[in-house]
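Open the model in your viewer and keep the selection tool ready. This tour goes from stop to stop, saying what to pick and what is there.

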Amino acid sequence: MRIALLSNPSSGRGRHAAADELVRGVLNEAGHEVLHVRGSSYEQARRAGRALLGDGPSRSVEALVVVGGDGMVHLGVDIVATTGVPLGIVATGTGNDIARHFGLPSRDAASSARIIDQALSGDGAIMATDAIYASRPDATLLDPQRRWSLAVVSAGLDAAVNARANALSWPAREGRYVRAFTAELAALAPYGYRVTTEKGTWEGPALLLAVANTRYIGGGMDLAPQADPTDGLLEVLRLDPVGRPHLVSLFSRLFKGTHLDDPAVHIERSRTVTIEALDEPTGRDRGLRPPPHPFADGEPLAQLPLRLEAVPDAVRLLLPAQR
């Protein structure tokens, strides 16, 4: 088959820059024709990927493979969503939470390439999964980039931690998320939201607000253990304002996915979710902070308000054979 290979040599702080060449070699040896594109920016990589995919009968490739972290998977989803072109993942980044959810190797480019070849040849699996589509509540389109995501949209403390972790150069892997969380504790205060799901509208203070299609964030934290990216629903998680000791205890439980039974944690499922910042909170909500800049799959998303929708079968993933 003819495969587009999209890579980011800076993924993993440059530690895995040779992975794309290894992947290309494995796929070439398996008989595939590989068109390799290195993107120096999100916009450049997206344009190049879109150009390779083409449209309908003019399509020049039969699959897209991304090499990098969750940000590159996010980019790949943004390119292939609703096109029918399958997406292969070679996870060489820091968190690799999307690969973790789907049982894909982490930082093993050769094994990842073989899984992609097997899926394309019929010995593996091509799974149709939901994706999250973001727009404005009035259906106005966002910027052409970053409308689609696959894993988690964060809009509370989780987003603030994500932004801080992205700016850190150490420690390695999920250690950056832990360090960023510790720093955010110093400025701990709730945010003000209005959240509308299929069950109705809630508004008030919250510390964490996340909309999940898959389970993991932050390099292995099991945020949404029950998330199923094939059920057409999103998991909406909200954390009430709690004190620092309580929050630290919950944070440690995130790695085991045992936080959902805490009375301060609320979760519901909905096909659509609208998130807005409270305008000029009054009464008990006076003094709430405006929510931080949202993130999707660890990448910056548009500012609130946002409408998020689970779109069934929007992405086809190249995966190991399902048992």
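**Stop one: a glycine in a loop**

Select Gly-218, in the loop between strand 11 (216–217) and strand 12 (221–222). The model is a predicted one. Is Gly-218 buried or exposed? Its relative accessibility is 17%, so Gly-218 counts as buried; the cut-off for buried is under 20%. Now add Asp-97. In sequence, Gly-218 and Asp-97 are 121 residues apart, yet their C-alpha atoms are 7.3 Å apart in space.

**Stop two: strand 3**

Select residues 63–68, which make up strand 3. Six of the six residues are buried, so the strand is largely enclosed by the rest of the structure. Look at one side: Ala-63, Val-65 and Val-67 are buried there. Turn to the other side: Leu-64, Val-66 and Gly-68 are buried too.

Next, show the neighbours. Strand 1 (residues 2–7) runs parallel to strand 3, joined to it by five bridges. To see one residue pair, pick Ala-4, whose bridge partner in strand 3 is Leu-64. Then select strand 4 (residues 87–91), which also pairs with strand 3 in the parallel sense, over five bridges. Here Gly-68 has Ala-91 of strand 4 as its bridge partner. Follow the chain from strand 3 through helix 3 (residues 70–80) to strand 4: this β-α-β crossover is right-handed.

**Stop three: aromatic rings**

How many aromatic pairs does a search of the whole structure find? The search finds four. Select Phe-181 and Phe-251. Their ring centres are 3.8 Å apart and their planes are at 5°, so this pair is stacked. Phe-181 belongs to helix 7 (residues 175–185) and Phe-251 to helix 8 (residues 244–254), so the pair ties together parts 70 residues apart in sequence. Phe-181 is buried, at 6% relative accessibility. Phe-251 is buried as well, at 10%. Add Phe-255: with Phe-181 and Phe-251, this residue forms one aromatic cluster.

Move on to Tyr-191 and Tyr-193. The ring centres lie 6.3 Å apart with the planes at 65°, so the pair is edge-to-face. Tyr-191 is buried, at 3% relative accessible area. Tyr-193 counts as buried at 0% relative accessibility.

**Stop four: charges over rings**

Select Arg-100 and Tyr-216. The charged end of Arg-100 sits over the Tyr-216 ring, 5.8 Å from the ring's centre. Finish with Arg-238 and Trp-202. Arg-238 lies over the face of Trp-202, 3.9 Å from the ring centre.

Key. Residues are numbered from 1 along each chain as its sequence is written. This is a predicted model: local features need pLDDT of at least 70, side-chain atom pairs count only at pLDDT 80 or more; totals for chains, interfaces and linings use all residues. Side-chain values use heavy atoms; hydrogens and water are left out. Helices (H or I, at least four residues) and strands (E, at least two) are DSSP runs, numbered from the N terminus. Buried means under 20% relative accessible area, exposed over 50%, partly exposed in between (1.4 Å probe, protein chains only). Two strands pair if DSSP finds at least two bridges between them. A crossover is right-handed if, with the strands pointing away from the viewer, the path from the first strand over the helix to the second runs clockwise. Rings of Phe, Tyr and Trp (its six-membered ring) pair if their centres lie within 6.5 Å; planes under 30 degrees apart count as stacked, over 60 as edge-to-face and the rest as tilted. A charge sits over a ring if NZ of Lys or CZ of Arg is within 6 Å of the ring centre and within 35 degrees of the ring normal.
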